[in-house]
Amino acid sequence: MAPLRYSINITVDGCCDHLAVSPDEDLHRHHIGNLARADALLFGRVLYEMMEEAWRPSASEVSRPDWMEPFARTIDAAKKYVVSSTLEQVDWNAELVQGDLGKAVEQIKRESRTGVFVSGVQLPLALAELGLIDEYEFVVHPRIAGRGPRLFEGLSRHVDLKLVNRFELASGASVMQYAPTS
């Protein structure tokens, strides 16, 4: 069964609002590497809609730096699964996932050859509750936000982790990769 890998950008004080961090070329290169290690992306509705708005090619192309284009092409081409009880259909190379989350994600992991990548806040909380996340990655940016959403708010149990890798990006963000110990 292929691993389900979770990655998210956070501030030093744990804020996981995408507007609280400043993306740069090195960060985008890092996340392209993450996407390259997966043959499918798993999104909740909110993240799917946000990513689609930001990265899906449209008739009136959004102006962005050239260094963002490789990420845009990579995420546009990726197979996507969208977990939602409110959406009736999805496109953008996506398939809707409904019903029993645990069974659906286990099936996606079985069908994957290289891995499944997930990000966001609410869906990873549910996946952590079910013990389905195989790798956790936190990209900790050198900023204190002082407000905003926090990760795993309301998790019913502890998830013990073992640090398996860490390194720093040019921006000073620390990338910490963990594996669950239980």
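Where is Arg 64 found? In this predicted model, Arg 64 turns up in the loop between helix H2 (45-55) and helix H3 (69-77). A loop arginine might bring the surface to mind, so is Arg 64 buried or exposed? With a relative accessibility of 17%, Arg 64 counts as buried, because the cut-off for being buried is under 20%. Its side chain has polar company there. One of its polar atoms lies 3.0 Å from the backbone oxygen of Ala 54, and a polar contact of 2.8 Å ties the Arg 64 side chain to that of Glu 69. Leaving aside residues up to four places away in sequence, Arg 64 touches Ala 54, Trp 55, Glu 69 and Ala 72.

Helix H4 comes next. This helix covers residues 101-111, and its buried residues are Leu 101, Gly 102, Ala 104, Val 105, Ile 108 and Lys 109. They sit on the same side of H4, since the arc they cover around the axis is only 165°. Helix geometry helps to make sense of such a pattern: with 3.6 residues a turn in an α-helix, residues three or four places apart point the same way. Lys 103 and Glu 111 are exposed, and they are carried on the face of H4 turned away from its buried side. What do the buried residues of H4 pack against? Their partners are strands E1 (4-11), E2 (40-44), E3 (80-83), E4 (94-97) and E5 (116-118), along with helix H5 (122-129). At the start of H4, a side-chain oxygen of Asp 100 comes to within 3.1 Å of the backbone nitrogen of Gly 102.

H4 also feeds into the largest nonpolar core, which has 27 residues. The residues with the most contacts inside this core are Leu 4, Tyr 6, Leu 42, Leu 127 and Phe 138. Two or more residues each come from E1, E2, H4, E5, H5 and strand E6 (135-141). Leu 42 gives a good idea of how these pieces meet. Not counting residues up to four places away in sequence, its contacts include Leu 4, Tyr 81, Val 83, Val 105, Ile 108, Val 116, Leu 123 and Leu 127. A second, separate core holds 20 residues, among them Met 51, Trp 55, Leu 87 and Trp 92.

Aromatic rings are another part of the picture, with a count of eight aromatic pairs. Tyr 6 and Tyr 136 make one of them, edge-to-face, at 6.1 Å centre to centre and 80° between the planes. This pair links distant parts of the chain, as Tyr 6 belongs to strand E1 and Tyr 136 to strand E6, 130 residues apart. Both rings belong to buried residues: relative accessibility is 2% for Tyr 6 and 4% for Tyr 136. Tyr 6 also pairs with Phe 138; the ring centres are 6.4 Å apart and the planes lie at 80°, so this pair is edge-to-face too. Here the link again runs from E1 to E6, spanning 132 residues, and Phe 138 is buried just as Tyr 6 is. Which residues form one aromatic cluster with these? The cluster consists of Tyr 6, Tyr 136, Phe 138, Phe 152 and Tyr 178.

Finally, two lysines sit over aromatic rings. The charged end of Lys 79 is over the ring of Tyr 81, 4.9 Å from its centre. Lys 80, for its part, lies over the face of Trp 92, at 4.1 Å from the ring centre.

Notes. Residues are numbered from 1 along each chain as its sequence is written. This is a predicted model: local features need pLDDT of at least 70, side-chain atom pairs count only at pLDDT 80 or more; totals for chains, interfaces and linings use all residues. Side-chain values use heavy atoms; hydrogens and water are left out. Helices (H or I, at least four residues) and strands (E, at least two) are DSSP runs, numbered from the N terminus. Buried means under 20% relative accessible area, exposed over 50%, partly exposed in between (1.4 Å probe, protein chains only). A polar contact is a pair of N or O atoms within 3.5 Å; within protein, one must be able to donate a hydrogen and the other to accept it, and residues adjacent in sequence count only if both atoms are side-chain atoms. Contact means heavy atoms within 4.5 Å. The arc is that of the directions from the helix axis to the C-beta atoms. A nonpolar core is a set of buried Ala, Val, Leu, Ile, Met, Phe, Trp, Tyr and Cys residues joined through side-chain atoms within 4.5 Å. Rings of Phe, Tyr and Trp (its six-membered ring) pair if their centres lie within 6.5 Å; planes under 30 degrees apart count as stacked, over 60 as edge-to-face and the rest as tilted. A charge sits over a ring if NZ of Lys or CZ of Arg is within 6 Å of the ring centre and within 35 degrees of the ring normal.
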